[in-house]
Structures are given as C-alpha cells and as structure tokens.
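Please work through the exercises below with the model open beside you, trying each task before you read its solution.

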Amino acid sequence: MKRIVLSLYLVLFFASCFESGSEKEKKEENKQTFFLTTLYLVRESGNCIKTDTTLPTNNQFCSRRPLGVCSVNQLVLTQNELNVMFNEMRTIQNRTSDCLESILQSGILVLKATTASEIENIKSKYTFRVVDSCELEGFQLSNEKRLANFSEIQWLESVRGKIAKAAKNITNNGFLPQGNRDRANSCLNLEFKDWEKDLTQGNLENNILVEITRP
C-alpha cells in the first residue's frame, strides 16, 4: 500500500510541473483531498490485538478496532468525554422518563475521568498491536457468533448502548417486579431504534462480541 501511495504522489508531482497557475491550484486541492482520504483509510484499516501482560495465558484480545484507535486511548476516559456522556444521558432522561431506572443501572453515573496515574498503570499493563485481521492471527469464532465492527463497538460503548443494555437486562429479569420490567421495555420501545435493540440483544447473548480471546 505504501508503494501505491508513493507512486501516486510522484505522478501528481511531475504532472504539476507542466500545468498553468489555475490548473496547479486545482491539482493542489486534489492532492490535499487525496492525502486526507488516504490518511482516513489508513487509520480505519486493520484490527487490534490488546495484550494483558499480567495474565500468564489467554492474555490476548482481538477486536475490529482499527489502527487509528489501537492504543491505550481506548481504555482512557477524559473529562471532556465524560461531560459529553453526562449531557447525552440527561437528554435521554428528559426525553424518555421511563429510561430513568435503566440509566441508574447502566453504570454511567459512576464513571470517572481516568487519572494520570491510572493511565500509567494501563500503559504498564497492556500492549497494543495492529494486525490485518483477527482471523489471520488465529482468532476464530463459531458460525453463530461474530465480532462487532468498529461502528457497532462505538455504539455499544456509548451512552445509548449502555442504557439500552441495562434496559434489556431489566426487561429480561423475571425476578424484578413487573412494573420495573414494563418501564424498561417502554424505554426500549420509545427511545431506541430496531437495529439498536437487535445489536444490544445480540451482544447480551454473546452472538455479537466486542472482542475475543485466542483459543
């Protein structure tokens, strides 16, 4: 891929030597667009292996997280990110009152920004490596299971994903009072789209996995 990108850049460079001012300006805009597109595609490529160095066995976890986020940052929560999450949580709470119990059970309210010392601990505990695909590295799933793609991972780990998961758990818990289960079910039906509910259910049933370990 690096050779292809380099070749295209060389073609654009030599072609620019024989063009007028307006043509050069347009070509420069095209090069900028090409560069940004290439950068985006590279950052979105690959899968990610996270290794827990404190575990003697079964310490590698592979996901569809691409190159751009295959780092310690995936385990870090900043204060700005937390503020955005709290704002989104309040929006859902104000819009759909039946989601209140699901919000309380989602764990969002107990989240805290990662401290500098915690970040250092994470760095000492985990290493990250980008690979072409989990499957090529020996990570395999049975036919009825699959790995969540990166967009699905982002949603499952978002405020909406956390609340939907809590609502599903409440709805499916036969030991809870019927009123609690009805409100959680109402939260799901009023707030979430069908694809969001299906993704949540698939994740809860371990049919759609955020990451897998090597067998």
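The exercises that follow concern a predicted model, and each task is followed by a solution in steps.

**Exercise 1. Confidence**

Find the average pLDDT of the protein, and locate stretches where the pLDDT is under 50.

Solution. Begin with the whole protein, which averages a pLDDT of 87, with 80% of the residues scoring at least 70. Then turn to residues 1–9, where the pLDDT stays under 50 and the model has five contacts beyond four places in sequence. Residues 34–42 also have a pLDDT below 50, and this stretch has seven contacts in the model beyond near neighbours in sequence. Where pLDDT is low, the predicted coordinates should not be read in detail.

**Exercise 2. Strand β2 and its partners**

Describe which way the side chains of strand β2 point, and work out how β2 pairs with strands β1 and β6.

Solution. Strand β2 covers residues 60–63; Gln-60 and Cys-62 point one way from the strand, whereas Phe-61 and Ser-63 point the other way, and all of them are buried. Next, take strand β1, residues 47–52, which pairs with β2 in the antiparallel sense over four bridges. Strand β6, residues 212–213, also pairs with β2 in the antiparallel sense, here over two bridges. Phe-61 can now be placed between named residues of these pairings: Lys-50 stands opposite Phe-61, and in β6 the bridge partner of Phe-61 is Thr-213. As a last step, look at the side chain of Lys-50, whose charged end sits over the ring of Phe-61, 5.4 Å from the ring centre.

**Exercise 3. The disulfides**

Determine how many disulfides the structure holds, which cysteines they join, and what handedness each has.

Solution. A search of the whole structure finds three disulfides, and they can be taken one at a time.

1. Cys-48 and Cys-70 are joined with their sulfur atoms 2.1 Å apart. Cys-48 lies in strand β1 and Cys-70 in the loop between β2 and α3, so this pair ties together parts that are 22 residues apart in sequence. The torsion about the S-S bond of Cys-48 and Cys-70 is about 75°, so the disulfide is right-handed. Both Cys-48 and Cys-70 are buried.

2. Cys-62 is joined to Cys-134, with a sulfur-to-sulfur distance of 2.1 Å. Because Cys-62 lies in strand β2 and Cys-134 in the loop between β3 and β4, the pair ties together parts that are 72 residues apart in sequence. The torsion about the S-S bond of Cys-62 and Cys-134 is about -90°, so this disulfide is left-handed. Cys-62, at 0% relative accessibility, counts as buried, and Cys-134 is buried with a relative accessible area of 0%.

3. Cys-99 and Cys-187 form a disulfide with their sulfur atoms 2.0 Å apart. The pair links distant parts of the chain, with Cys-99 in the loop between α3 and α4 and Cys-187 in helix α8, 88 residues apart. With 95° about the S-S bond, the link of Cys-99 and Cys-187 is right-handed. Cys-99 counts as buried at 0% relative accessibility, and Cys-187 is buried with a relative accessible area of 0%.

To finish, number the bonded cysteines of the protein in sequence order, which gives the pairing 1-3, 2-5, 4-6.

**Exercise 4. An aromatic pair**

Decide whether the rings of Tyr-126 and Phe-128 are stacked, tilted or edge-to-face, and classify each residue as buried or partly exposed.

Solution. The structure holds two aromatic pairs. In the pair of Tyr-126 and Phe-128, the ring centres are 6.5 Å apart and the planes stand at 40°, so the pair is tilted. For the burial, use the rule that buried means under 20% relative accessible area. Tyr-126 is therefore buried, with a relative accessible area of 18%, while Phe-128, at 22% relative accessibility, counts as partly exposed.

**Exercise 5. The surroundings of Ile-153**

Establish where Ile-153 is placed, whether it is buried or exposed, and which residues it contacts beyond four places in sequence.

Solution. Ile-153 is in helix α6, which covers residues 150–156. At 1% relative accessibility, Ile-153 counts as buried. Leaving aside neighbours within four places in sequence, Ile-153 is in contact with Ser-63, Arg-64, Arg-65, Ala-148 and Val-210. Consider Val-210 in particular: this residue and Ile-153 are 57 residues apart along the chain, and their C-alpha atoms are separated by 6.0 Å.

Technical notes:
Residues are numbered from 1 along each chain as its sequence is written. Side-chain values use heavy atoms; hydrogens and water are left out. Buried means under 20% relative accessible area, exposed over 50%, partly exposed in between (1.4 Å probe, protein chains only). Contact means heavy atoms within 4.5 Å. Rings of Phe, Tyr and Trp (its six-membered ring) pair if their centres lie within 6.5 Å; planes under 30 degrees apart count as stacked, over 60 as edge-to-face and the rest as tilted. A charge sits over a ring if NZ of Lys or CZ of Arg is within 6 Å of the ring centre and within 35 degrees of the ring normal. Two strands pair if DSSP finds at least two bridges between them. A disulfide is a pair of cysteine sulfur atoms within 2.5 Å. pLDDT is the predictor's confidence in each residue, from 0 to 100.
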